[in-house]
Amino acid sequence: MAPEACDLLIEAGHVVPVVPHGVVLERHAVAISDGAIVAILPIDEARERFAPREVVSRPDGALIPGLVNTHTHNPMTLLRGVADDLPLMEWLQGHIWPIEGAVVAPDFIADGVTLAIAEMVRGGTTCCNENYFFPDVQAATYRKHGFRARVGLPVIDFPTAWARTADEYFDRAGEVHDQWRNDPLVATAFAPHAPYTVSDANFERIRMLADQLDVPVHCHVHETAHEVAEARRTLGQSQIARLDRLGLVNDRLIAVHMTQLTDAEIALCAERGVSVAHCPESNLKLASGFCPVAKLAKAGVNLAIGTDGAASNNDLDMFGEMRTAALLAKAVGDDASALDAFAALRAATLGGAKAMGFEERIGSIEPGKQADLALVDLGALETQPLHHVVSQLVYACGRHQVSDVWIAGVRKLEARLLVDMDVEAIVANARQWQTRIAAVRTT
């Protein structure tokens, strides 16, 4: 019987499929054709069965699903480090919003997203859930570079460079959604900023349109104790209770941060199928509070991981975020077994895919899914000896050990070198933005 043709055969010392949970496959290969995974099988069997056009062999490599960054503001890579070591509202109102008011425009968006894509790919991230202005420019930039994204359609109750009135926010959201509704890589979600910046009327409109268009709702919720206390003081109810009253607490909701939750609110989120995008490093840096990850996981809430924007993190490093999430869950939950290594990796892959409505396409290494994959070199001294592959991935390895990345079977990183992206040009462009933003800050 003649061997079966395929586009690519990736041979790895270890394959971590995520599904089934807790499994590591030793000396396995993944066959890929037309951008999708065809088979996962032992290397010797793969060599007999397939006649690939290309073979990538990494005996010290761990092949994992591409990491999914479930909450980010990627144009803000250009604001990395402009206002550090400040509490959230002072950081936003006194620094970030004034700078954004001066510089946010299509060129800022395109250049910031391009820088972010390069950083994410080099760190093994193949998909992100974006939340910022000018989603039309974001979508075009992600598509240009072949990066998978769900782009947020912003809604906020004050004028910005993107829109001036509620009607304009919704009209422009509809135009962007229509333009990208059938794209294989880029999709949309509604992205109301937060309960304290969006009215009941606009939330109700979002709920109706999200149902009609079958898209998620991506929103900052219960980010700080002050924010939750203000809601109770002024509205007589928590933000989660308000969103529930408005019909938004359901399986479309991607609730970001969620640092202040009662047991009853956790139970409600579990019952309604809410996904929580946990951003541990941003929460720590802004002193926003601690997401009760162990309680959420025990209740059955889908957990995802995000970096937040590079202005409040200050990187897009999902390996670092996984490690911080796992360690912090143990300390906050007073339980060393909370969010173990396998659970952390799942949250950073399939958990994010599920939150974004992409779980049928990505998030695990299974036949029929898109070949969004990352190879991690575990042969370095920092990850030796290799007693437990997934423990090394979560607790010991760094993003600099990512050697190869594919999105929909298309190579994006080869032996640590970006494919089809000019690193020198991206760095030079970031530096000219440094000069422009510094000029704004001194005026």
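These exercises walk through salt bridges, buried residues and a surface patch in the structure above.

The model is predicted: local features need pLDDT of at least 70, side-chain atom pairs count only at pLDDT 80 or more, and totals for chains, interfaces and linings use all residues. Residues are numbered from 1 along each chain as its sequence is written, and side-chain values use heavy atoms, with hydrogens and water left out.

**Exercise 1. State how many salt bridges the structure holds, then place the one between Arg436 and Asp107.**

Step 1. Fix the term. A salt bridge is a side-chain nitrogen of Lys or Arg within 4 Å of a carboxyl oxygen of Asp or Glu.

Step 2. Take the total. The structure holds 25 salt bridges.

Step 3. Look at the pair. The side chains of Arg436 and Asp107 meet at 3.3 Å, N to O. Arg436 sits in helix H15 (residues 423-442) and Asp107 in helix H3 (residues 106-122), 329 residues apart, so distant parts of the chain are linked. Helices (H or I, at least four residues) and strands (E, at least two) are DSSP runs, numbered from the N terminus.

Step 4. Check the exposure. Buried means under 20% relative accessible area, exposed over 50%, and partly exposed in between (1.4 Å probe, protein chains only). Arg436 is partly exposed because its relative accessible area is 37%. Asp107 has 35%, so Asp107 is partly exposed too.

**Exercise 2. Decide whether Arg148 and Asp372 are buried or exposed.**

Step 1. Find the pair. Arg148 and Asp372 form a salt bridge through their side chains, 2.6 Å from N to O.

Step 2. Map the pair. Arg148 belongs to strand E7 (residues 148-155). Asp372 is in the loop between helix H13 (341-355) and strand E13 (373-377). The two are 224 residues apart.

Step 3. Apply the cut-off. Arg148 is buried because its relative accessibility is 0%. Asp372 is at 4%, so Asp372 is buried as well.

**Exercise 3. Describe the Lys295 and Asp263 salt bridge.**

Step 1. Read the distance. It is 3.1 Å, N to O, between the side chains.

Step 2. Locate the ends. Lys295 is in helix H11 (residues 293-299) and Asp263 in helix H9 (residues 263-272), so the bridge ties together parts 32 residues apart in sequence.

Step 3. Classify the ends. Lys295 has 47% relative accessibility and so is partly exposed. Asp263 reaches 51% and so counts as exposed.

**Exercise 4. Work out the setting of Thr307.**

Step 1. Place the residue. Thr307 is in the loop between strand E12 (302-305) and helix H12 (318-333).

Step 2. Classify. Thr307 is buried because its relative accessible area is 0%.

Step 3. Find its side-chain partner. A polar contact of 2.9 Å joins Thr307 to the side chain of Asn69. The term means a pair of N or O atoms within 3.5 Å; within protein, one must be able to donate a hydrogen and the other to accept it, and residues adjacent in sequence count only if both atoms are side-chain atoms.

Step 4. List neighbours. Contact means heavy atoms within 4.5 Å. Not counting residues up to four places away in sequence, Thr307 touches residues including His71, Ser282 and Asp315.

**Exercise 5. Contrast Asn283 and Leu284 in helix H10.**

Step 1. Classify Asn283. Its relative accessibility is 2%, so Asn283 is buried.

Step 2. Classify Leu284. At 41%, Leu284 is therefore partly exposed.
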